[in-house]
Structures are given as C-alpha cells and as structure tokens.
Amino acid sequence: MKFAIISVTEQGSAIASEMAQVLKNDPTVLKVDLFHKNVKDTLDTFFNDYDCWIAIMASGIMVRLLCPIIKSKLTDPAVLVVSENRKHVISLLSGHLGGANHFSIKIAGLIGAVPVITTATDLKGKMGIDTLAYQYWLRVEQPHLIKEVNQLIADDVKVQLNIPKRFQFLSNHPLINRSYHIQTWNESFLRVYLIDKLSSSGMETNHYLDLYPKRIVAGLGSKKGVTDDQVFFAIRSALQHLHLPLERLDSLATAEVKKDEGGIINVASQLKLPLEIVSLDEIAELEDGNCTPSKLVQREFGVPGISEPVALIQAGKQSRLILRKTAYNGVTVAIAVSTDKID
C-alpha cells in the first residue's frame with residue numbers, strides 16, 4: 001500500500017514524521033510520502049497516486065477539498081483524518097472497498113488513538129460485502145448491488161453466500177457467520193443471492209452479486225538447502241501480515257536458479273499449489289519501481305531480485321505488490337495480486 005500523510009501545522013508535521021517512521025517498517029507498506037500545507041494543490045495533483053491519505057487537520061478542511069475530486073467508491077483512495085491531539089482517527093472516505101476502516105484501526109493502534117468508524121454494517125458487528133471483497137482480494141462484478149446487500153445485512157438479514165470449496169475458511173470467521181448463510185458450491189467464484197418478489201405475478205426471482213478472486217502469488221527466494229519447515233513458516237508468516245489464510249494463495253513462484261530447491265518444491269506439493277518457474281531473462285525485463293533491488297542477488301545471478309519480480313510476473317500484467325520482500329530464516333517471500341479476476 002502507498003500512504004500519503006499531509007499536515008498543516010508544525011504539531012501535525014511532527015505527528016506525520018513519527019507515523020511515517022513506523023509505517024516504513026511495515027512490509028505491507030510500499031511507500032510513505034509526507035506533505036505539508038498547500039493541501040488543495042497537493043490533493044488535486046496527487047490524490048489518485050496513493051491507496052490511503054492521512055490528513056492531520058480538521059475534518060472540515062478535507063471535506064471541502066475532496067468534494068470536487070472524488071469520483072467513485074470503487075476507485076477513490078481511503079481518506080483518514082487524525083486529530084492533532086492524537087485522540088481520534090476518523091475513517092472519512094472509502095471505508096470498505098478503499099480500506100479506510102481497516103486503515104483507521106491500524107493508524108489508531110500506531111499512535112494510541114481511538115478509531116472512528118461510522119459505516120452501518122460495522123456498527124452492527126457485521127461484515128459488508130464490500131469489506132469482504134477488500135479483505136480477501138475479490139472483484140465485485142455488480143457493484144450497483146453493494147448498497148442493497150449491505151442494507152440487508154445492517155437490517156439483521158442474513159443473505160445467502162455461495163463459496164468455492166477452497167474458500168471454506170470463511171465459515172470460521174465470526175463476522176461472516178453473523179452476516180451470511182454460507183453454502184459451498186463447485187464454481188470458482190463467490191455469489192450473494194438476493195430475492196425480488198415481482199408484484200405483478202407474485203413469483204420470486206433471484207438476482208445476485210458475484211465476487212471473483214483476484215490471483216494472489218507468493219514469490220520465493222532462499223538460501224541453498226532450506227528445509228520444508230523453513231519454507232512453510234515463511235509463507236505462513238508472510239500471509240499473516242495480510243490477514244490471509246494459506247488457502248487464499250493461488251500459486252507459488254521462484255526463479256529458475258531455485259527450481260531444484262527441495263524445500264520449495266515439497267511445500268508447493270504439500271499445499272497443492274502450482275510452482276511457477278520464472279527465467280532470469282523474464283526477471284531482467286521486468287520494470288517495476290516498487291521492487292527493492294538486492295546487491296547480493298545482482299552479483300550472483302545478474303538480476304536485481306527474485307521474490308518480488310517472480311511474484312509480479314506470475315500474478316499477471318498490471319499486478320501489484322501487496323507484501324514487499326520479507327526474510328524469514330533463509331527464505332524470502334513477497335506477495336503480489338492481479339488487478340483482474342482469475343481466468
């Protein structure tokens with residue numbers, strides 16, 4: 001995720017600097033930029049370049065300046081407002097699909113504040129369908145139905161949710177169980193059923209909202225001779241940063257120089273995941289400014305890295321890193337997600 005933190009006072013600037021230092025140590029954070037004053041020009045120029053804006057100022061300032069530039073809850077970045085006394089972090093915009101509710105809890109935890117969340121499903125202790133899509137990297141096919149689904153959930157109606165077998169982990173989530181009747185089916189996507197009663201005939205017809213999983217790939221690098229346990233622990237630990245289970249992974253990937261690494265091969269087999277092998281030429285051709293180059297890998301293999309590039313390449317065109325490379329006892333893991341549904 002890419003964060004922008006903007007302030008208007010010296011006190012706010014100090015809070016922003018402190019916050020940025022902590023965020024930069026978070027492997028789910030790819031970039032943190034600080035802005036001070038010139039709020040209108042900054043938002044007008046850079047608003048869509050970040051996943052989350054954190055504004056340390058009065059909420060009214062942001063409300064007035066955001067009105068002309070926001071477009072859609074499907075694409076607008078998350079916006080948080082932090083009070084200068086560090087007591088509250090307000091989820092102001094894009095609470096569900098943009099992740100502002102999630103980020104408000106995260107930032108509040110960093111500075112010892114109280115997150116302020118006002119979305120109806122969250123206040124009822126339920127999980128809205130767009131929150132489900134955000135958390136598990138799902139593409140909403142009929143976004144015009146989001147409001148209808150969430151209204152039912154907020155009104156304490158449990159809607160029917162059909163899930164693929166590999167998504168059975170959702171059945172263990174308490175908020176999901178409070179919000180949906182879960183059924184397993186043989187399709188590869190999720191579907192929420194809604195019922196319309198036609199007044200003219202009295203017959204009931206179904207309409208539905210579909211959620212298609214985006215492709216998630218874990219890219220792996222390692223020292224020679226790592227064990228199965230080392231690889232498994234590294235993958236599981238990486239996913240914990242994203243609050244994702246192992247079942248949400250679609251494949252593992254590594255470079256051709258690691259294609260015979262027994263620990264990686266065995267774990268892919270144990271998890272029943274395909275192991276994609278990426279050539280060094282493919283890695284060398286990749287251009288992505290979010291990858292972190294390694295002098296050691298460059299010296300040994302002639303490419304700037306392994307785990308991040310292979311994850312991006314196998315996730316597909318226009319994919320993005322959601323976990324930058326992180327080392328766990330001889331194993332390096334990076335995770336990328338596609339921008340489209342799985343074919």
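Which residues have the most contacts inside the largest nonpolar core? The notes below start there. Keep in mind that this is a predicted model.

1. **The main core.** The largest nonpolar core has 73 residues. Ile54, Leu132 and Ile335 have the most contacts inside it. Take isoleucine 54. Leaving out residues up to four places away in sequence, isoleucine 54 touches Phe3, Ala4, Ile5, Ile6, Met19, Leu23, Leu80, Val82 and Ile107.

2. **The second core.** There is also a separate core of 17 residues. Among its members are Ala253, Ala255, Val303 and Val310.

3. **Threonine 254.** This residue sits in strand β12, residues 251-255. Its relative accessible area is 0%, so threonine 254 counts as buried. A polar atom of its side chain lies 2.8 Å from the backbone oxygen of leucine 220. Leu220 is also one of the residues in contact with threonine 254 when neighbours within four places in sequence are set aside. The others are Ile264, Leu275, Glu276, Ile277, Val278, Ile306 and Val310. Val310 belongs to the second core as well.

4. **The β4-β5 hairpin.** Strand β4 (residues 78-82) and strand β5 (residues 88-93) run antiparallel. They are joined by 4 bridges. Valine 82 has valine 89 of β5 as its bridge partner. Between the two strands of the hairpin are 5 residues. Arginine 86, in this hairpin, takes a positive phi near 65°.

5. **From β5 to β6.** How do β5 and strand β6 pair, parallel or antiparallel? The sense is parallel, over 3 bridges, with β6 spanning residues 114-116. Valine 89 appears again here: its bridge partner in β6 is proline 115. Helix α4 (residues 100-111) completes the unit with β5 and β6, a right-handed β-α-β arrangement. Ile107, one of the residues touched by isoleucine 54, falls within the residue range of α4.

6. **Helix α7.** Which residues of α7 (residues 146-154) are buried? They are Ile146, Val149, Asn150, Ile153 and Ala154. These residues lie on the same side of α7, because they cover an arc of only 135° around the axis. The spacing fits a general rule: an α-helix has 3.6 residues a turn, so residues three or four places apart point the same way. Just after α7, aspartate 156 takes a positive phi of about 70°.

Key. Residues are numbered from 1 along each chain as its sequence is written. This is a predicted model: local features need pLDDT of at least 70, side-chain atom pairs count only at pLDDT 80 or more; totals for chains, interfaces and linings use all residues. Side-chain values use heavy atoms; hydrogens and water are left out. Buried means under 20% relative accessible area, exposed over 50%, partly exposed in between (1.4 Å probe, protein chains only). A polar contact is a pair of N or O atoms within 3.5 Å; within protein, one must be able to donate a hydrogen and the other to accept it, and residues adjacent in sequence count only if both atoms are side-chain atoms. Contact means heavy atoms within 4.5 Å. Two strands pair if DSSP finds at least two bridges between them. A crossover is right-handed if, with the strands pointing away from the viewer, the path from the first strand over the helix to the second runs clockwise. A nonpolar core is a set of buried Ala, Val, Leu, Ile, Met, Phe, Trp, Tyr and Cys residues joined through side-chain atoms within 4.5 Å. The arc is that of the directions from the helix axis to the C-beta atoms.
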